[in-house]
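Colleague: Before I use this model, I want the reasoning behind its labels. Please take me through them.

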Amino acid sequence: MSQPRHSVIRSSILLGVIALLGTALLAGVNELTHERIIEQEKRRVLQQLNEIVPTALYNNDLLADKIEINDPAFFRHSAAVTVYRARMNNQPVAVMMMVTAPDGYNGDIRLLTGISANGTVYGVRVISHRETPGLGDPIDIEKSDWILGFNQSSLENPDNDDWAVKKDGGQFDQFTGATISPRAVVRAVHNSLRYFAANRQMLFETPIETEDQNE
Amino acid sequence: MSDSNLKQILADGAWRQNTGLVVLLGLCPLLAVTNTLVNGLALGLATMATLMLSNLSVSAMRGLLRPEIRIPAFVLIIASVVTVIELLMHAFFYDLFRVLGIFIPLIVTNCAIIGRAEAFASRNRPLPSLVDGFATGLGFCITLVLLGALRELIGQGTLLSGAEMLFGDWGQYLKLTIIPDHPGFLLAMLPPGAFLSLALLIAARNAWQAKKTVLPSPSTTTLLRDADEV
């Protein structure tokens with residue numbers, strides 16, 4: 001009777017030791033790679049921001065100069081909108097808003113919309129999406145130039161009614177076989193512009209939140 | 001362990017018992033990420049590294065592992081190894097990590113890995129186990145690369161696109177445009193294309209094998225049966 005119990009205890013201890021070794025290994029590797037991973041992610045974000053507003057146009061620390069906006073009703077999404085502010089010698093140059101379009105064909109489409117201080121679009125990039133390859137994915141700059149069609153647009157250009165895909169009577173192209181993805185993007189960009197117009201001063205003047213380095 | 005035995009292990013893992021084409025294990029990542037050659041190669045290399053490290057660890061501990069806890073122990077070892085690889089990729093091959101995303105942690109669920117731990121590493125010494133891990137990983141990697149190349153070529157008319165994610169900036173010059181102005185063949189890029197391409201590869205391999213009409217040796221059939229049970 002004591003034999004099997006003894007064996008159970010031994011096995012448990014052995015398994016525990018293996019788990020402990022595994023955990024120690026992971027903790028060690030995590031410690032070694034942690035800094036670099038954060039750095040890589042920052043580099044990636046900065047790279048995306050610079051695609052929209054080139055480094056020559058601003059001289060502040062773009063990654064640090066950011067605020068978060070919580071306005072689920074306006075943006076039709078519960079995710080907070082991150083806003084990066086580009087400034088040249090403390091003069092506002094542009095904001096870059098990381099917005100989430102809730103109505104993609106396969107769920108959320110995350111977009112980075114750059115809007116200059118006078119309210120025209122610097123550029124838009126799709127950051128992440130799950131649209132159908134070959135149908136909805138031309139919204140991605142890697143697949144087509146469609147997204148560049150937003151450059152230089154503003155609330156007045158085109159008119160309010162034209163801020164839609166052609167199928168809905170607007171001026172933006174849809175894709176063959178895919179209307180939903182471009183429609184979602186157009187709406188989200190339009191929304192960002194409207195938000196910017198209504199809150200311009202707040203967007204530029206809200207002080208940076210204290211960095212919570214809890215990662 | 002003599003040299004000829006190691007050769008035998010190599011041939012078994014890479015060809016006779018090819019994980020992707022013969023044993024048909026680990027199909028989820030195989031089908032999901034092989035839309036380009038580079039993606040296939042990257043996941044293949046990550047899987048190969050996992051197989052070698054997990055086989056080595058399991059083999060080194062085989063004297064300690066009691067039968068009733070061996071499966072949880074294998075899972076712990078494999079999961080640790082995969083997580084280490086995931087962290088390293090996240091830190092050093094960030095772009096690739098973004099492309100392969102969820103399929104890196106999913107290497108854990110590749111039953112070929114636990115299959116090799118159970119069928120081979122837990123019964124053999126570390127060196128042959130390491131070689132077995134290498135051979136099995138190589139076989140899997142080759143299958144992924146072939147499948148990726150086939151689908152990339154048919155689907156978008158290129159080879160090695162995105163190589164910069166794996167090799168750094170100079171990798172972008174590796175991209176070969178085989179069919180210029182390819183309109184894109186969606187079927188090859190989507191999951192059904194993966195199944196069809198895999199079927200073609202398996203058929204090609206079987207045709208080749210039938211031509212040679214070499215019957216598998218008894219030892220490999222035993223291993224095959226073991227692997228099937230996992």
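Modeller: Start with A:Val17, which sits in helix 1 of chain A, residues 2-52. Helices (H or I, at least four residues) and strands (E, at least two) are DSSP runs, numbered from the N terminus. This is a predicted model, in which local features need pLDDT of at least 70, side-chain atom pairs count only at pLDDT 80 or more, and totals for chains, interfaces and linings use all residues. Residues are numbered from 1 along each chain as written, chains are lettered from A and ligands numbered from 1 in written order, and side-chain values use heavy atoms, without hydrogens and water.

Colleague: Why is A:Val17 called partly exposed?

Modeller: Buried means under 20% relative accessible area, exposed over 50%, and partly exposed in between (1.4 Å probe, protein chains only). A:Val17 has 40%, so it is partly exposed.

Colleague: Which residues form a nonpolar patch with A:Val17 on the surface?

Modeller: A:Ile9, A:Ile13 and A:Leu21 join A:Val17, with about 370 Å² of accessible area together. Patch residues have over 30% relative accessible area and no salt bridge; nonpolar side chains (Val, Leu, Ile, Met, Phe, Trp, Tyr) are joined within 5 Å, like charges within 9 Å. A salt bridge is a side-chain nitrogen of Lys or Arg within 4 Å of a carboxyl oxygen of Asp or Glu. Accessible areas come from the Shrake-Rupley method with a 1.4 Å probe; for residues, only the protein chains shown count as cover.

Colleague: What pattern does chain A follow along the sequence?

Modeller: The pattern is α-β-α-β-β-β-β-α, with three helices and five strands.

Colleague: What makes chain A more spread out than a compact globule?

Modeller: The radius of gyration of chain A is 23 Å, well over the 17 Å that the globule rule gives for 215 residues, so chain A is more spread out. The radius is taken over C-alpha atoms, and the rule is 2.2 Å times the number of residues to the power 0.38. The C-alpha trace spans about 85 × 45 × 30 Å along its principal axes.
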